[in-house]
Each structure stands twice: as structure tokens, then as C-alpha cells.
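Here are some exercises to work through with the model open beside you. Try each task before you read its solution.

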Amino acid sequence: MAEAHAAVAFQFTVTNEGIDFDINHEALKAVFESGRRSWVKKFRRFQNGMVNTTYPASPASWLAVLTAVTALTLARVDPSMGMIEKLQNNFLPVEYLGATSAIYLSTAIYATLLWLVIIFSVRFILKRLLSYKGFMYEGRGKVSLKTKIWTVLLRCFATRKPRLFGYQNALPNLPLPSLKDTMRRYLLSVRGFLNDEEFERMELLVKDFEVGLGPRLQRYLRLKWWWSTNYVSDWWEEYVYLRGRAPIMVNSNYYGMDAIAMPSTFMQAARAANQTTGLLNFRREIERETLKPLIMQGMIPLCSYQYERLFNTTRIPGLETDKVVHMKDSKHVAVMSRGRFYKVVFQVNGKMLNPAELQKQYQWIIDDPVGPMDGEEHLAALTAGDRIPWALARQRFFMRGVNKVSLKAIETAAFMVVLDDEVQDYDTKPSPVQDEWNQNRKLDQFSHSLLAGTGHNRWFDKCFNLVIFKNGRLGVNAEHSIADAPVMAHLFEYAFSQDLSLGYTDEGACKGTVGASYASPTRLKWELSEELTSVIETSLDTAKKIADDLDFHLLVHNRFGKGKMKKCKVSPDAFIQMGMQLAYYRDAGRFNLTYEASMTRFFREGRTETVRPCTISSCDFVKSMEDASATKEERLAKLHKAVDAHVNGYRDAMCGKGIDRHLFCLYVVSKYLNEDSPFLQKVLSEPWRLSTSQTPHQQMNNLDLAKHPELISAGGGFGPVAKDGYGVSYIVAGEDVIFYHVSSIRSSPNTDAWRFSKHIEQANIDILALFN
């Protein structure tokens, strides 16, 4: 709008008497306001940068130091012990400035240097304090004197109201474990499921690596650790996510879903509008850094760098590797509806559209009678298929003309909104004749639709797709390289609470009124040749095969939850993981390498580390559960030993003492050096047939779930990592329910998502029975 006003702000005509100017004052006002907003935003970014750079001090503290030093100097007290005089005599042109000006300037320089010294000293102390992880290994109620002193010091040096990115420069770097320690812990992690012969071969590989190539790789990795802020994250993003040439649908992207027990409204456009408003409010808090960083136990800040790219970001396909492109700002969202694409501007003349106005825009799209043009309906399948065909097609068909303009509108959007024409639901009060299978299959279909859709109704490259179903239910499909699930869960927990606070009318529409008349959404146009259409259909075939082969079951485990687990004095996560070890053994008849994701956000730019729940102790426990001669006391003792081993492994992973990221980085170094390591090749080729992850619950305190259990989110999930394995995402939702999102491949003869879910449920019941 501002650009249009600028074009017509000055009108003039040439007459015999000269040039006659006609100035449009409204247009000039719009131009001025646009420029003012731009400069305000630049100043805010500069201000945030200054505050974060000087954290834990503040720019205002510089004035306090300057005032104090100046006051002492005027009182003829030298706080600098001669440094001010040296600055004045040796570095300032006194003959040009004059004696008085030189004194004040040298005083200001000294005060600034003193202020910087104080800042970096305090930051160094804070960084050292945040490096302490001893508290993680102390049991509840057993706090050592060292931890008590650490707690007091940390509270003294940390600020009470930090900004979102305020702690970033004070966070410690992820530590690099010693080669010997990683090798020792690796052997312990595989001993449980390897037989004696296999373990002896692995020991030989480890010894050869320790005395051969390993130390050389470790030296290069230590150099990277010393030089970079995080020795893992950039390589992890590049080689695990961006360099993969297989489809990212199911294989990489993940999903999250609605609170299944409470439909907010059945009006699709209204739900989309309120959620969009909540998401954009979250984006504004990120931009202004008013969003509070997550603080563990009220003291330990978590790294916030993943929030930087949550919005205005897309993944661009490449021939060898993809890249992530982030825009500093975006004033529109891209919308997909019934195979058609639109651009909806949500900010006009610096003013955000309110929910009622957004609802009108979305409803216009839903009611648009014009169908998709030939080939347009399946266009998004390009993002669901293999990456190389999509990269070639993008270079050839989307670099000019209307295709370039329309693709840019999608890639520069804040995020993608999908107005899906499917209906997804879950009956919280099913009829008595409805059996368990049919009731739960609704949730299975819900999950399947969010993760894979039809293969052509999600733009999988976008930072996230907000999916609104025809009946108002919603979910999200997120691109994994940009952010991990806990960060996305934080975003949607915020948006959901905003949805509730914004509310709906009795008819289910958004509250508020539609103000000025805004332009209708812009329909994106395409030129789709036969050759391009052929590429699209090939990608769709690939996507459909993946989607059709995906088996899903969402288990609502409501026999018991976190409450009873805590009464057993067992970590809920450890309880669940031991249940899955027992379930997998019963399902597959063997033990296998198991993946559990833990976060490393105690450290700067930290993302995830692997916990290995299949340990010697867990295998002993499972064997005792399957041994009819074992007593209840024996099983319980083995369970406690397995739980302790798991909890320690989880703590190690969170504290930078993990195994797998270290081995992964050593492998990357070996490839750069063109060195082959039989040990590393063996380790990185081992399949994770059981891949698990816990979704954090209630990271904010905006909702009282004890009073409103109907607001509990079902969490989200992902696809299986191994073709003959399971992917399990779980969320401990409240005191009495756990959601398990179980995925597998239909074509695998060894797996079945429904069967494994029943094993999980029975395993949990059997473990709880040990405490009764």
C-alpha cells in the first residue's frame, strides 16, 4: 500500500505558466508512516542487539559507571590510578581539544573501558556458573553444599527479567568429550544386545580406532570445538537434514496436533484466523525479544537460537544440498486451499488485521468458486518427492515469469496456511456400540493426514504448515532442519492459549468487527507446461507410495499417567522407556539399538543428543519380566537398576557427555580427510529400529490443565527411522494420560503400529503391577 501511495503522491502537469504541482497529503502521510515504522523497527533491532551484547549489564549501566567516575574525578579522587591522565597525555590531542575537554573525554574513555571490563568479567563468571551441571546428578531433596552455593551465586549474577536472546553470549559451549570416555561409554551402550562374539569384534574395532585414526580425528575436532560456538549443530543441520536427497515428507518433517477433547469452533475460517493471530503475536514477541526465554528450574536458561528462524523461513532444494533461507520480515501468509494458492496480506499500513478481518479473508478463499488450473492441484507434490527432481524443476521452470513471482510469494511468506477440505475428529464420548478399533482409527487418520496428507496438500519446504481442517480441527506440519519439536511445541502452546483468550461468538465466528475494506487475497498464478506437469506427477507418485506405506496408531493410554509413576518413585520418562523396551522385546523377540532424543540447550546453539535406553540393566530387567521363575522382588530390583542407568544416561546426554553426536562429528572429519574408519562406518550404519522422543508438555503456565483437562494437547509424532522399525513419540499429558504416536512401514513384515501399541500398553500395566 505504501509503495502505491508513493507512486501517486506527487502529480504534476506542464503548462504555459510552468509546472503545476498537486501534492496528495494523504499519500505523503502514508509514505512518512511507512518510513517511520521501518526506522522504528531498525532502531528496535539495534537496541536489542546492544542490550544482548552488553548482557548481563545494560546500556543504562554505562551511564551509571560514567557518572560515578566523573563525579570522583571532579572531587579530585582518581579512581583509575593514573590511567585517565595517561590517556589524556598519550592518546588525545590536548592542544586541539583543550585541557578541560581532554579531561572529560579521557574520563569517558576510561569509564567505557571499565564498564566493558566489568561486563566481560561478570559474563565470564556467569558462563562458568552455567557450566556447572552437578545439580543434575543430585536426587530430589539431596542438595549438596556446593550446589547450594552455586544456586546463590547464580541468582546474584543472573537478571530477573532476561530478554529472549539475552543469555546467548553467556551460555557455555557444548563440551567435547574425550575419545577414551566416549569409547568406554559406547561399549557399555551396546553390550546389552550384542552376543559375546559380536561384542568381542566390536571391542577390537574400538581398540584399533583408539590407537589409530581416532586421536588424529579428535585433534581436528578439538580445533573446531575451540573455533566454533557449537562443534555439532552446523554439521548436524547440514549432513543430517539438508544434504539428504530423499523426500523430507515423513522422513524428516514432523507434526503436532490439536487438543483432541475440546473443539474450539467448527468454523474453519474462524479457527484459522484466531490461530494466525496467535502465531503472529508470538512472532512479534520474538522480534521485540519480549518473549521470555525458557528457564529450567527457575534458574538455568535454555538456548533460544532456534527461535530466530521459526517464521519467514523456507527450505530451498539444491542438487547436492538444500539451504535454509530466512527473511527478516514478511507481511503475508501463503494459503493453500483445494489445490489453489493465495497470498493473504495481514499487515496493511503498519496495522495488523484483527481476527474478524482475517476470517473474512480466509472465508473469501474458501468460497472462491474458481477451481485449480490444470496441473496446479498437485503442484505441492514437488516438495514431497525426491529433492533432486525438485531442484532441477525449480531452476528450469521457476526462475522467471509468473512462476517466479508466485513461488517467491510462498517462500517469503511468514508461514503456510492450509485450509484442508478433509474432516478430522475424535469422539471423546463414543457410542456404546462403537468398538475400540474404529474409535482409535479416527486419531490414526488425523495423525496420518498431518504427517503426510495426500502427498500434494502440504508445502513441506515451509518452516511450518498450519493445517486447519474443514470442521475447525487443526495441526501443524513442521520442517525439521529449522527447529526441533520442543521449540515448535512452545510456539503452538502459545498460539493455543491466544486462541482461547481471543474466543469465539456463540455462532463460532471470531470476535470483533471488520474495519476498513481491504483488498481480497491475491490468487497466485502458474505456467505449468507438460514437461513440468510430468515432473509434478512423478513426485506425486513417490509421495503417494510413501504415504500409502505409512502405518500409524495414536495410543491414548489413560489407564494411568504421571501421577501413579511418581508415586512409584520412578522417573516418568524412565518408566515409559523401560515399558517400550519390554514391549519391543515382546514384539520383535530380541533387543535392539534404541534412540531417544534429549535436548542440549543448556549450551549455546545446542539442539539434541541421543540417549541409548537399551542398556545392560534394561535388558536384564526385560529378561526377568519374561522369566516365569523370577520373583516380584527380583524384577523390581532390576527395574530400579535399569531406571537409574537410564536416568544417568539422560543426564549425561543433556550435560554434553553424549556418545552419538561426538561419533557423528568424528565421522564427518574422517570424510573431510578421506580416511575410512571400519569402526565409524559400523557405528553409523547401525539401524535405529526403535526411535523415540518425548514432547515436552506445558512449557508455559498460561493454561491450568488441572482445572481444564479438556485442553490437554495430544502432542505430535514422526515417521519411523528404519524401514523395519518403529517411530514412537510420546507426551505425558497431565496426571492420568499418556499419548503414544506410533509409526511403522506397512510393507515391513516385522512391524505393525497397532500391535506394538498394544504391547506398550500391556508393558506399562505389567510394570505398574510390580509396585502393587
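**Exercise 1.** Which residue in strand 20 does Y255 stand opposite?

*Solution.* Before you start, note that this is a predicted model, where local features need pLDDT of at least 70, side-chain atom pairs count only at pLDDT 80 or more, and totals for chains, interfaces and linings use all residues. Residues are numbered from 1 along each chain as its sequence is written, and side-chain values use heavy atoms, with hydrogens and water left out.

Step one: find Y255 in strand 3, residues 254-257. Helices (H or I, at least four residues) and strands (E, at least two) are DSSP runs, numbered from the N terminus. Step two: look across to strand 20 (residues 716-717), which runs antiparallel to strand 3 and is joined to it by two bridges; strands pair if DSSP finds at least two bridges between them. The residue facing Y255 there is G717.

**Exercise 2.** Find the bridge partner of Y254 in strand 14.

*Solution.* Strand 14 covers residues 474-478 and runs antiparallel to strand 3, with four bridges between them. Y254 has A478 as its bridge partner there.

**Exercise 3.** Are the residues on the two faces of strand 3 buried or exposed?

*Solution.* Start with the general pattern: side chains in a regular strand alternate between the two faces of the sheet. Now sort the residues: Y254 and G256 go on one side, Y255 and M257 on the other, and all are buried. Here buried means under 20% relative accessible area, exposed over 50%, and partly exposed in between (1.4 Å probe, protein chains only).

**Exercise 4.** Classify the aromatic pair formed by Y255 and F552, then do likewise for Y726 and F756.

*Solution.* You'll need the cut-offs: rings of Phe, Tyr and Trp (its six-membered ring) pair if their centres lie within 6.5 Å, and planes under 30 degrees apart count as stacked, over 60 as edge-to-face and the rest as tilted. A search of the whole structure turns up 29 such pairs. For Y255 and F552, the centres are 5.6 Å apart with 65° between the planes, so call it edge-to-face. That pair links distant parts of the chain, since F552 belongs to strand 16 (residues 550-557), 297 residues apart from Y255. Both Y255 and F552 are buried.

Y726 and F756 come out at 4.2 Å centre to centre and 10° between the planes, which is stacked. Y726 is in strand 21 (residues 726-732) and F756 in helix 25 (residues 753-769), 30 residues apart. Y726 is buried, as is F756.
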